[in-house]
Amino acid sequence: MYYQLSCVVCIPRSIWVQPSTNHSSSKSDREQKIEYLTKIPRSVNLESLQNGYLFPEISTRESEYSRRNPHARLIKLGIGDTTQPIPDIITSAMAEQALALSTAQGYKGYGPEQGNRELRRAIAETLYQGMEVKENEIFVSDGAQCDISRVQMLLDSSLSIALQDPTFPGYADSSVIVGRAGRLNAGSRKYKKIVYMKCEPENNFFPNLSKTPRTDLIFFCSPNNPTGSAASRQQLEQLVEFAKANGSIIIYDSAYAAYISDESPRSIFEIPGAKEVAIEISSFSKFAGFTGVRLGWTVVPEELLYANGYPMIRDYDRIVCTCFNGASNIVQAGGLACFSAEGFGALKRTMGYYMENAKILVGTFESMGKKVYGGKNGPYVWVHFPGLSSWQVFNQILERAAIVTVPGIGFGPGGEGYIRVSAFGHRECILEASRRLTKVL
């Protein structure tokens, strides 16, 4: 079954990633004439990565479906890519900065690797008001995903780690690359050295810390990707207390914090004592539509110390200055405009648009009798299909409704039986998706 639509907006601009190639030896590989080999062995850490990252595999199946159904109009609710235009006041600030570079008075070259002071101050005063986060503790970057890897560089590869299960796959993959995850168990789909903190709906997808062994590092995302659930203040107090008792560090991802609509904390630093045990990573991608523009930040508190008393902020500053020349000054001008009264107000309206999409999707799946989570404090809807694997559900929805989602198993073993549906779409597409799903599921 395929759908013919005149609504071309149902194919929003999205990231298209070609399928990865498995470079392990095969018969066809051996038959190829090899002219020259270096004497450099492949990294054992990269060899340990799962073959095929989640989103390339989705792209492969999507491409195959389109080949078989060339007239189908796909609705892409998989990759969490924003679709609404960036407000004029923000793009105008970037355009003005770009044009200024063509004048003697406005030209600027390298800026501070840590980010422009005005933007760092605006982040501190707007998003961390009352939390005693200083502007010098904020490092502006080219996005949260890059910062995840920079933080991995900061911390020794021998350190043990724990992850929410399910959670964003970048935490596990970057841990594998730096050598702290161990080998993958193909049966359990778990890495040997990673502690998977099972997060189930009965506890609002918060792990049972009383059953969690001590690890050096704890990756934690709230609101969580993929479940859309935000940890409560009491839960984050437990997490900080757990980290303090164990001498651990929390690496806290708050990329979706601006979507929180209830009393849940928007930063780990709302919790007393968190500055002694946490690093926070965040992004402009989802709240400002900067997925293609690229801008983010990381907070490394002065109070966060190694076991020998040395401040981690000094090492992180060294990493940033060594590996990064600073975010684009054009992009940072746009970031600063996000915190103007007009800019921030416009962004809130855009986020409201996405959350209305989420409400429609939640209602659609609930009308079918499905257990649905998320969609209240984050732009993702997490839907349970008991008795079916995630890939089975993904394939059914693709084949019957021409809708691309994300199989929950891609976010960890705890995601089996679920799919993630993104609310980052045009309203016409969301409504059409709702109609199709109601007919075929």
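**Exercise 1. Is R150 buried or exposed, and what does its side chain meet?**

Step 1. R150 has a relative accessibility of 9%, so this residue counts as buried (buried is under 20% relative accessible area, exposed over 50%, partly exposed in between, with a 1.4 Å probe and protein chains only). The model is predicted: local features need pLDDT of at least 70 and side-chain atom pairs pLDDT 80 or more, while totals for chains, interfaces and linings use all residues. Residues are numbered from 1 along each chain as its sequence is written, and side-chain values use heavy atoms, without hydrogens and water.

Step 2. The side chain of R150 meets that of D147 in a salt bridge, at 2.8 Å from N to O (a salt bridge is a side-chain nitrogen of Lys or Arg within 4 Å of a carboxyl oxygen of Asp or Glu).

Step 3. Both residues belong to helix α6 (residues 144-154), and because they are three residues apart, about one helical turn separates them (helices are DSSP runs of H or I with at least four residues, strands are runs of E with at least two, and both are numbered from the N terminus).

Step 4. D147 is buried too, at a relative accessible area of 1%.

**Exercise 2. Find which residues are joined into one network by salt bridges that share partners, and examine one pair in the network.**

Step 1. K134, E137, K275, E302 and E303 form one network through salt bridges with shared partners.

Step 2. One pair is E302 and K134, whose side chains meet at 3.3 Å, N to O. E302 sits in the loop between β10 (296-299) and α10 (312-323), and K134 in the loop between α5 (117-127) and β2 (138-141), so the pair ties together parts that are 168 residues apart in sequence.

Step 3. Both ends are partly exposed: E302 has a relative accessible area of 33% and K134 has one of 34%.

Step 4. Set beside this pair the salt bridge of R61 and E57, at 2.8 Å from N to O. R61 and E57 are four residues apart in helix α3 (residues 54-68), about one turn of the helix. R61 counts as partly exposed at 26% relative accessibility, and E57 does at 30%.

Step 5. For the whole structure the count is 20 salt bridges.

**Exercise 3. Work out the order of the strands in the open sheet of four strands, and describe β15.**

Step 1. The order is β11-β12-β15-β14, with antiparallel pairing (two strands pair if DSSP finds at least two bridges between them). β11 (371-374) and β14 are at the edges with a single partner strand each, so one side of each has no neighbour in the sheet.

Step 2. Go through the pairings. β11 and β12 are joined by four bridges, and Y373 has W382 in β12 as its bridge partner. Five bridges link β12 (residues 380-384) to β15, where V381 is partnered with V421. β14 (residues 406-407) pairs with β15 over two bridges, and P407 stands opposite I419.

Step 3. Look at burial in β15. Five of the five residues of this strand (residues 418-422) are buried, so β15 is largely enclosed by the rest of the structure.

Step 4. Sort these residues by face. In a regular strand, side chains alternate between the two faces of the sheet. In β15, Y418, R420 and S422 are on one side and I419 and V421 on the other, and both faces are covered.

**Exercise 4. How many disulfides does a search of the whole structure find?**

Step 1. The search finds zero disulfides (a disulfide is a pair of cysteine sulfur atoms within 2.5 Å).

Step 2. Check two cysteines. For C199, the nearest cysteine sulfur is that of C221, 11 Å away. For C338, the nearest is that of C146, 18 Å away.

Step 3. Both are buried: C199 has a relative accessible area of 5%, and C338 is at 0%.

**Exercise 5. What is the volume of the second largest cavity, and which residues line it?**

Step 1. The structure has four cavities of 30 Å³ or more (a cavity is a set of points, on a 1 Å grid over the protein atoms alone, where a 1.4 Å probe fits but cannot get out; lining residues have an atom within 4 Å of a point).

Step 2. The second largest has a volume of about 60 Å³ (points are joined across faces, edges and corners, and the volume is the space filled by probe spheres set on them).

Step 3. Its lining includes Q164, N204, F205, F206, F220 and C221. S222, N224, S229, A230, A231 and Q235 also belong to the lining.

Step 4. By class, the lining has six nonpolar, six polar and no charged residues (Ala, Val, Leu, Ile, Met, Phe, Trp, Tyr, Cys and Pro count as nonpolar, Asp, Glu, Lys and Arg as charged, and the others, Gly among them, as polar).

Definitions and conventions:
1 Å grid on protein atoms, 1.4 Å probe; cavity = no way out; pocket = protein on both sides within 12 Å on 5 of 7 lines; lining within 4 Å.
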